Amino acid sequence: METKIKEYRAKNNLTQQELADKVDVRRETIVFLEQGKYNPSLKLAHDVAVALKTTITSLFIFD
Amino acid sequence: MTLKKYQKIKLALVVIISIIFSQSIVFKNFIIPIIVLIISSLILMILRRRVKEIVADERDYIVGGKSALLTIQVYSWAAAIFMFVLYALRDTNPSFEPIAITLAFSTCLLMILYSLIFRFYNQVKFTEKKGKFITLVIVLTIFISIFTLRLFSGEDNWICKQGQWVKHGNPSFSAPTIPCK
């Protein structure tokens, strides 16, 4: 799985901690998400997409 | 309260509980550690509510679930192997038998508890059978408690009376080899 979270986070001028606070997770989870090492729940994927003002399909790319 | 402060307090409490537990075993006092354990749990519960940061999220719960499952599997296998070995060697040392029974009993209890909790989260939580399931668990808990009390009550054991080991009930093992004082 590949993610575009880092790019969208930079576009929105958010730090990892700020994004984590917005979606109610720990910063480590955002780190794992950005590295594509964690498959989030549908709710978390949705929350991240909303926080970054985009859609789930733009954020997560499956091979 | 910050998460770091909460974790430091938690660590300090674990150290204090360990010290109290070890001292209680030495002094054979089992009421103080239970009281300390309850008070510590309450303190942690109150402090956790005051932490404004996220203490655990969905990834922690997934990792926790996987770790718990692996721990149960490792413990069950280890306990089963040790139980068979100790039970097979019970003739060489009679004290091996109660240890083997305790291991077997604790493993069975762990498996039953795991199965019940798994079933609850997997199916029952989302159905109308919730009430029936909880009733069944309560009845099962009562039966297991009675069985445990009967098993560990010392009804079938050897009692030291006037310098001699006397049969009490019908113990399944021979009289202890240690001197009776």
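**Exercise 1.** Among the elements of chain A, which has the lowest mean pLDDT and which the highest?

*Solution.* Keep in mind that this is a predicted model. Start with the chain as a whole: chain A averages a pLDDT of 93, and 100% of its residues score at least 70. Now go element by element. Strand β2 (residues 60-61) of chain A sits at the bottom with a mean of 88, while helix α4 (residues 42-51) of chain A takes the top spot with 95.

**Exercise 2.** Work out how the elements of chain B are ordered, and how much of the chain is buried.

*Solution.* Count the elements: chain B has five helices and two strands. Then read from the N terminus, which gives α-α-α-α-α-β-β. As for burial, chain B has 181 residues, and 3% of them are buried.

**Exercise 3.** Decide how α1(B) and α2(B) are oriented to each other, and describe their contact.

*Solution.* Take the axes of helix α1 (residues 3-27) of chain B and helix α2 (residues 31-50) of chain B: they come within 10 Å and cross at roughly 175°. Angles over 145 degrees count as roughly antiparallel, so α1(B) and α2(B) are roughly antiparallel to each other. Next, list the residues making the contact: α1(B) contributes B:I9, B:L13 and B:F21, among others, and α2(B) residues include B:V36, B:L44 and B:R48. Sorted by type, the contact has 13 nonpolar, two polar and two charged residues.

**Exercise 4.** Describe where chain B meets chain A.

*Solution.* Four residues of chain B are in contact with eight of chain A. On the chain B side, three are charged, one is nonpolar and none is polar.

How values were computed. Residues numbered from 1 in each chain as written. Chains lettered and ligands numbered in written order. Predicted model: local features only at pLDDT ≥ 70, side-chain atom pairs only at ≥ 80, totals over all residues. pLDDT = per-residue confidence, 0-100. Helix = DSSP H or I, 4+ residues; strand = E, 2+ residues; numbered from the N terminus. Contact = placed C-beta atoms within 7 Å. Nonpolar A, V, L, I, M, F, W, Y, C, P; charged D, E, K, R; others polar. Buried ≥ 20, exposed ≤ 12 C-beta atoms within 10 Å, placed from the backbone. Axes fitted to C-alpha atoms, helices over the stretch in contact; angles between N-to-C directions. Parallel < 35°, antiparallel > 145°, perpendicular 65-115°, else oblique.
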